[in-house]
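Open the model in your viewer and keep the selection panel handy. We will go from stop to stop, and at each one you will hear what to select and what is there.

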Amino acid sequence: MRLREDPEAFEAFYRRHVDGVMRFVVRRVSDPHLAADLTADTFLAALDSAHTYRPGRGSEIGWLYGVARNVVSAHHRQTVRETRATGRVAGRRMMDDNDLLRMEERIDAERRMRRALEAMAALPEGERAVLELVVVDQLTVTEAAAALGIGKVTARVRLHRARRTLGNVASPSAVYVEGQA
């Protein structure tokens, strides 16, 4: 991809994928400003690493979700380090009424997704990651494999194991869509 050299190509790439990347990020962070920042960071990282994209290894959306996953993971690692450091130095900030109201609204809005994520929480990380990319983000198995940097066969095996482990918790149609490669 020549995103860095061609502003129009980058704009088209951004417009094609910004909504999907935003949905991916919003499911992983609770603050809307942070979600917007991480989405922007994902596209900056994609711009910097566009030379690493190989069409033969998967679609550009699969590659981009891999970039987004790395950006969000890096943010979470940094947040944990900062929280530990801050916890050593200062007490906890008390929540005010607005914080509580926003949290209650978010909890109600995300109740269904939480149930599904709770069912997936028991899965090993590799199986959960493939299942999430295929079911939630609607990537093909091939795209999920590319996003995770694993082989297509490995991704299929992990998806099969995840489906078998979940059993009746999720409906079969929610875990596997016929015809996805």
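One definition before we start: a residue counts as buried under 20% relative accessible area, as exposed over 50%, and as partly exposed in between. Glu 125 makes a good first selection, because at a relative accessible area of 44% this residue is partly exposed. Keep in mind throughout that you are looking at a predicted model.

**The whole chain**

Zoom out and colour by secondary structure. The protein chain has nine helices and zero strands, so a cartoon view will show the order α-α-α-α-α-α-α-α-α from the N terminus on. Of the 181 residues in the chain, 30% are buried.

**Stop 1: a pair in helix H6**

Go back to Glu 125 and add Arg 128 to the selection. Their side chains meet in a salt bridge, at 2.8 Å from N to O. The two residues are three apart in helix H6, and are therefore separated by about one helical turn. In general, an α-helix has 3.6 residues a turn, so residues three or four places apart point the same way. Arg 128, like its partner, falls in the middle class: its relative accessible area is 24%, which makes it partly exposed.

**Stop 2: a buried pair across the chain**

Stay with helix H6 and select Glu 132 together with Arg 28. What do the side chains of Arg 28 and Glu 132 meet in? They form a salt bridge, with 2.3 Å from N to O. This pair links distant parts of the chain: Arg 28 sits in the loop between helix H1 (7–26) and H2, Glu 132 sits in helix H6, and their positions lie 104 residues apart in the numbering. Are Arg 28 and Glu 132 buried or exposed? Both are buried.

Now add Arg 27 and Asp 137. Together with Arg 28 and Glu 132 they are linked in a network of salt bridges. For the model as a whole, the count comes to eight salt bridges.

**Stop 3: H1 against H2**

Select helices H1 and H2, on either side of the loop that holds Arg 28. Their axes come within 9 Å and cross at roughly 135°. The two helices are therefore oblique to each other, and H1 passes H2 in a right-handed crossing.

While H2 (residues 32–49) is highlighted, pick out Pro 32, which is found in this helix. Pro 32 has a relative accessible area of 52%, so it is exposed. If you like to try the distance tool, click the C-alpha atoms of Pro 32 and Met 22: they are separated by 9.9 Å, and the residues are 10 apart along the chain.

**Stop 4: from H6 to H7**

Next, show helix H6 (residues 125–136) with helix H7. Their axes come within 9 Å and cross at roughly 130°, so this pair is oblique too. H6 passes H7 in a right-handed crossing.

In the loop between H6 and H7, select Gln 138. Most residues other than glycine have a negative phi. Gln 138 has a positive one, near 60°. Its relative accessibility of 63% is why it counts as exposed.

Then turn to H7 itself (residues 141–148). Six of its eight residues are buried, so the helix is largely enclosed by the rest of the structure. To see them, select Val 141, Glu 143, Ala 144, Ala 145, Ala 147 and Leu 148. Just after H7 comes Gly 149, with a positive phi of about 70°.

**Stop 5: helix H4 and a nonpolar patch**

For the last stop, select Asp 99 and Arg 102. Their side chains meet in a salt bridge at 2.7 Å, N to O. Both belong to helix H4, and because they are three residues apart there, about one helical turn separates them. Asp 99 counts as buried because its relative accessibility is 12%, whereas Arg 102 is exposed at 52%.

Finally, switch on the surface and select Met 95, Leu 100, Met 103 and Ile 107. These four make a nonpolar surface patch of about 330 Å². Ile 107 is found in helix H4 (residues 97–109), and its relative accessible area of 36% makes it partly exposed.

Key
Residues numbered from 1 in each chain as written. Predicted model: local features only at pLDDT ≥ 70, side-chain atom pairs only at ≥ 80, totals over all residues. Heavy atoms only, no water. Patch = residues over 30% accessible without salt bridge, like charges linked within 9 Å, V, L, I, M, F, W, Y side chains within 5 Å. Areas by Shrake-Rupley, 256 points an atom, 1.4 Å probe, with all protein chains shown as cover. Helix = DSSP H or I, 4+ residues; strand = E, 2+ residues; numbered from the N terminus. Buried < 20%, exposed > 50% of the residue type's maximum accessible area, 1.4 Å probe, protein only. Axes fitted to C-alpha atoms, helices over the stretch in contact; angles between N-to-C directions. Parallel < 35°, antiparallel > 145°, perpendicular 65-115°, else oblique. Left-handed = near helix turned anticlockwise from the far one by under 90°.
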